[in-house]
Amino acid sequence: MTTTGPAPATATTGPAPDDALPESVRERLIRAGSATVANMLLRRGLRNTVMAGVVPLAAGAPPMAGPARTLRFIPAREDLDTLAGYASSENLHRRAIEECPPGAVLVIDAFGSTAAASMGDMMAARLRYRGVAGVVTDGGYRDAEAIRATGLPCHHRGNAPKATPIALHPVALDEPVGCGGVAVYPGDVLLGDEDGVVVIPRELAAEVAEEAADAAAYEEFAALEIARGRSLFGLFPATPESRREYDQWVARGRPGRK
């Protein structure tokens, strides 16, 4: 398989993709969840941030959050894509596994194809060992049960048992890609959980994390009130009056919280 491709694009935003995400930001994002974070981005005019059709590989898997490292596939061609070529140490697919930094999320643009695997269990095991935060693809994985057993958080479109060279050719590392209909630039922050995967521009990650964590805490208060029979009106979305009630609830030590 040939392993050459276009030079990495220069139209990126935010820090380099291997810059670590501060732990406080990561924890706040995970606590808030992808749906709440998407709402915070919507407030800033960003509408297309949640990947379409990309779901967790394993129910109950832990959430993931980290800066994006990207790999892009195009359709395979028989004279270039062979199992022998796939074994090369210069193969971009294999390099993506070995070069993705600890704490990062590997984002694989498979142009929506599940005709062949974006990753298998050996690659997942290697990423897990290396401390990668997770993997996202708008394609699919093979060896699904074995990948689940690694504990690596993974999101995909659906199972794809065929060998990668049958349908996918890797052409670029660390350039802007599309995944699930969303633009992903190296260094963007990805948050994946049971609700899906949201893409956060890196320069907004800290402020969105703080705002989303606050919104998630308020929702906890609102859920307790709703469980007591209270109407949504005047409670959710929050009003100045209900925010004052929330502040009083926090000051009392959050009674009723599980």
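Colleague: What relative accessibility does Arg126 have, and what does it count as?

Modeller: Cut-offs to begin with: buried is under 20% relative accessible area, exposed is over 50%, and partly exposed is in between (1.4 Å probe, protein chains only). Arg126 has 32%, so it counts as partly exposed. Bear in mind that this is a predicted model, where local features need pLDDT of at least 70 and side-chain atom pairs count only at pLDDT 80 or more, while totals for chains, interfaces and linings use all residues. Residues are numbered from 1 along each chain as its sequence is written, and side-chain values use heavy atoms, leaving out hydrogens and water.

Colleague: Which residue forms a salt bridge with Arg126?

Modeller: A salt bridge here is a side-chain nitrogen of Lys or Arg within 4 Å of a carboxyl oxygen of Asp or Glu. For Arg126 the partner is Glu98, with the closest N and O atoms 2.9 Å apart. Glu98 sits in helix H4 and Arg126 in helix H5, so the pair ties together parts 28 residues apart in sequence. Helices are DSSP runs (H or I, at least four residues), as are strands (E, at least two), numbered from the N terminus. Glu98 is partly exposed as well, at 40%.

Colleague: How far apart in sequence are Glu99 and Arg95, and in which helix do they lie?

Modeller: They're four residues apart, about one turn, and both belong to H4. Their side chains form a salt bridge at 2.7 Å, N to O. Across the whole structure, a search turns up 16 salt bridges. One network of them links Arg43, Arg44, Glu207 and Glu211.

Colleague: Back to H5. Which of its residues are buried?

Modeller: H5 covers residues 121-130, and Asp121, Met123, Ala124, Leu127 and Arg130 are the buried ones. Contact means heavy atoms within 4.5 Å. The buried set packs against elements including helix H3 (83-86), H4 (92-99) and helix H6 (144-150). After H5 comes Gly131, with a positive phi near 85 degrees.

Colleague: What is the nearest side chain of opposite charge to buried Asp121?

Modeller: For charge, Lys and Arg are positive, Asp and Glu negative, and His and the chain ends aren't counted. The nearest is Arg142, 6.3 Å away, and Asp121 has no salt bridge. Leaving aside residues up to four places away in sequence, Asp121 touches Arg142, Asp143, Ala146, Ile147 and Thr150.

Colleague: Which residues are buried in helix H1?

Modeller: In H1 (residues 23-32) they are Val25, Leu29 and Ala32. Looking down the axis, these fall within an arc of 70 degrees, so they line one face of the helix; the arc is that of the directions from the helix axis to the C-beta atoms. They pack against helix H2 (34-43), strand E11 (189-193), strand E12 (196-200) and helix H7 (205-227).

Colleague: At roughly what angle do the axes of H7 and H8 cross?

Modeller: Axes are lines fitted to C-alpha atoms, for helices over the stretch in contact, with angles from 0 to 180 degrees between N-to-C directions. Under 35 degrees is roughly parallel, over 145 roughly antiparallel, 65 to 115 roughly perpendicular, and the rest oblique. The axes of H7 and H8 (residues 240-251) come within 10 Å and cross at roughly 90 degrees, so the two helices are roughly perpendicular. Among the residues that meet there are Tyr218 and Phe221 from H7, and Tyr246 and Trp249 from H8.
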